[in-house]
2 protein chains.
Amino acid sequence: MSLRHGLLGLLAEGPGSGYDLTRRFRQTLGPAWPAQHPQIYAELARLSDAGLIEVDSHGPRGRKAYRITDAGLAEVRRWLAEDRVDHTLRIESLLRSVFFWLMSPDDLAAHLDREVCYYEETAELYRQLAAAGDRSGGTDRGGRADSGTDRGGISPPDASSSGGASTGSPQAQSLRVASEAGARLFQALASWADWARTVPPAAAPPARRP
Amino acid sequence: MSLRHGLLGLLAEGPGSGYDLTRRFRQTLGPAWPAQHPQIYAELARLSDAGLIEVDSHGPRGRKAYRITDAGLAEVRRWLAEDRVDHTLRIESLLRSVFFWLMSPDDLAAHLDREVCYYEETAELYRQLAAAGDRSGGTDRGGRADSGTDRGGISPPDASSSGGASTGSPQAQSLRVASEAGARLFQALASWADWARTVPPAAAPPARRP
DNA sequence: GTATGACATGTCCTGACTTACCGGTCGGAG
DNA sequence: CTCCGACCGGTAAGTCAGGACATGTCATAC
C-alpha cells in the first residue's frame, strides 16, 4: 500500500499525469521506493475508482492529469499519522555479508572495495543534495545538482506550472530531510564496508595451525 | 534470486529440512531478507530440480532434510564473486519522510519520537549481538543474547549436530560482521530521526507572512 | 485415552511487482 | 513532407511474495 500513498503524496504537491508521476516518483521517491510505470498507471486507475483522485485536465495526446481530492488528502494524512510504519528492510548487501565466509579472501577484498566505493559515492551524492537544499533556503533556486545520472538521486521535481514545490517550501524542506537520511544511511554502509575490510585475516581455510 | 542464494548459503553450513531452513532463514537472514515458509518450500523444490541441492535424509514425520551439492556450492560462490550487487533499497520510513510537510507538527513530533525509539532499541539489539560475537572468539559459546523476541535479531543457529557453525568459526565471524551492519544502519537511522526532530519549526501552514 | 501444542510439509489465492510489448502523437531536422 | 526521437498512455504475461487454509505426526500433560 506504500505505492498508493506515495502517489497520493506526490499529487498533494500538485496535479500530474501518469507520465509525470512516473518521473516524479522515480526522482523523489525512487531511492526509497522503486516503482515502474505499469504499476503507477494501474494504481492511478484504482485510486480514481476509489474517489481519492480525479481527472484534472486532458492534455495534448490523450494526456490525463490527475488531481487529489479531499478524500485523498485525508487518506494520506491518515496514513502518515495513524498507520504503523513497516520497518521491513531488504538489503542484498547484508544478505551477502552473512556468507562472506564462503568467499576467498581475494574475492572478498575485491567485493568490499567495490562496495565501499559505491556507498561512498552515493553518500556524497546525497550530501550534495542536502547541501543544495540548505543553500536554497532564502534565495531563488541556486545550482541544481546534476540529475543526469540514471541512478536518480532524491531531487526536487522541476518547478511545474501549477502548485509545484518552489525551493524553500515545506515540500523542499521535507526533501532535504529525506536527503539527509540517504546521506547518513549510505555513509553508515560505507564505513561498515570499510571496517569489514580490516576485520578478518582468518578466512575460508579454517585456521589449520594447531 | 536472492532467496535462492540465501537458501544455498544456509545449506552450505549444513543440511536442513524446509522447517529448519525457515527458522534459520528468519533468524540469521530475516532482518536483511524476509521470507515465509511457502516461498522456501517452493524454492527448495526448484533447487532440487535444478540439482543444486539433494535430499540428505528422511526424518520422523515425513521430514526431508536437504544437502547442498557441489554444483550448488559452486553456484553460491559464483553468485558471491561474480553477480552484481543489487543496491535497491525499499524503506517506508524514508518514503514517509518526503511527505512530512503534510503532517501537523504534533503528529510529526509524535511520529519521530516513535521512530527514534524503535531505531535506538533495534540498534542496541544488534550492538549486543555484535558484542556477543566478539566475546565468543576463543571460549565456548558464552551468554546467548535472547532470541525470544519475535523480531528475530541476527543470531547464530543452534549448533546442529551435523556440520553446524560452532562459535568462533568463520560462519560466526561473518554473522558478527552482519550484526555490525545492523548496528550501524539502525544507529544511523536513529540519529537521523533524532536530528529531524530538531529541524523545522516551519510547518504545514505555508508561512503566510509576506 | 485424549487434548494440547510444537513439529513438519505443503497448497491456494490474491495482490505486488517486473519485463516486454504495443500503438499513437507531437516537435523538429533534413 | 517525411522521418526520427521523445513524449504519452497503456496492456499482457509472468514472477515473486504473503496470508490463509489444510493435513497430519509426535510428545507430553492431564
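What follows is a walk through a predicted model, from a single chain out to the pair of chains and the DNA strands beside them.

Let's start with chain A on its own. It carries seven helices and three strands, and if you read from the N terminus, the elements come in the order α-β-α-α-β-β-α-α-α-α. Of its 210 residues, 42% are buried. Have a look at how the chain folds back on itself, too: take the contacts in chain A between residues at least 6 apart in sequence, and 64% of them join residues at least 24 apart.

Now zoom in on the N-terminal helices. Helix α1 of chain A, residues 2–13, packs against α3(A) at an angle of about 80°, and the two axes are 10 Å apart. That makes α1(A) roughly perpendicular to α3(A), given that anything from 65 to 115 degrees falls under that heading. On the α1(A) side, L3(A), R4(A) and L7(A) make the contact, while α3(A) brings Q39(A), I40(A), E43(A), L44(A) and L47(A). Sorted by class, this contact of α1(A) with α3(A) comes to five nonpolar, one polar and two charged residues.

Helix α1(A) has another partner in α2(A). Here the angle is about 100° and the axes lie 11 Å apart, and α1(A) and α2(A) are therefore roughly perpendicular to each other. From α1(A) you get G6(A), L7(A) and L10(A), and from α2(A) you get L21(A), R24(A), F25(A) and L29(A). By class, that contact of α1(A) with α2(A) has five nonpolar residues, one polar and one charged. If L7(A) sounds familiar, it should: L7(A) is listed in the contact with α3(A) and again in the contact with α2(A).

A couple of single residues make handy landmarks further along. V55(A) sits in strand β2 of chain A, which covers residues 53–58. Because V55(A) has 13 C-beta neighbours inside 10 Å, it counts as partly exposed. Leaving out residues up to four places away in sequence, V55(A) touches K64(A) and Y66(A). For a sense of scale, measure across with your viewer from V55(A) to A183(A): they are 128 residues apart in sequence, and their C-alpha atoms are 37 Å apart in space. The other landmark is E82(A), which belongs to helix α4 of chain A. It has 8 C-beta neighbours inside 10 Å, so E82(A) counts as exposed. Between the C-alpha atoms of E82(A) and A178(A), 96 residues apart along the chain, the separation is 20 Å.

Time to bring in the second chain. Chain A can be laid on chain B by a turn of 180° with a shift of 0.0 Å along the axis, giving an RMSD of 0.1 Å. The two copies are thus related as by a two-fold rotation axis. The same surface serves both of them, since 98% of the contact residues of chain A recur in chain B.

How many residues meet where the chains touch? On the chain A side there are 59, in contact with 58 residues of chain B. Helices α1, α2, α4 (70–82), α5 (92–97), α6 (105–135) and α7 (170–198) of chain A each put at least two residues into this side. The largest share is from α7(A), with 16 residues. By class, the side of chain A that touches chain B holds 37 nonpolar, 13 polar and nine charged residues.

Finally, the DNA. Strand D is surrounded by 18 residues, and the closest are S17(A), Y19(A), P38(A), R63(A) and P38(B). At least two residues each come from α2 (18–29) and α3 (37–49) of chain A and from α3 (37–49) of chain B, with α3(A) giving the most, three residues. By class, the surface near strand D has eight nonpolar, six polar and four charged residues.

Turn to DNA strand C, and there are 21 residues around it, of which R61(A), S17(B), Y19(B), P38(B) and R63(B) come nearest. Here α3 of chain A and both α2 (18–29) and α3 of chain B each supply at least two residues. This time α3(B) provides the largest share, with three residues. The surface near strand C splits by class into 10 nonpolar, seven polar and four charged residues.

Definitions and conventions. Residues numbered from 1 in each chain as written. Chains lettered and ligands numbered in written order. Predicted model: local features only at pLDDT ≥ 70, side-chain atom pairs only at ≥ 80, totals over all residues. Least-squares fit on C-alpha atoms with pLDDT ≥ 70 in both. Contact = placed C-beta atoms within 7 Å. Near = placed C-beta within 6 Å. Helix = DSSP H or I, 4+ residues; strand = E, 2+ residues; numbered from the N terminus. Nonpolar A, V, L, I, M, F, W, Y, C, P; charged D, E, K, R; others polar. Axes fitted to C-alpha atoms, helices over the stretch in contact; angles between N-to-C directions. Parallel < 35°, antiparallel > 145°, perpendicular 65-115°, else oblique. Buried ≥ 20, exposed ≤ 12 C-beta atoms within 10 Å, placed from the backbone.
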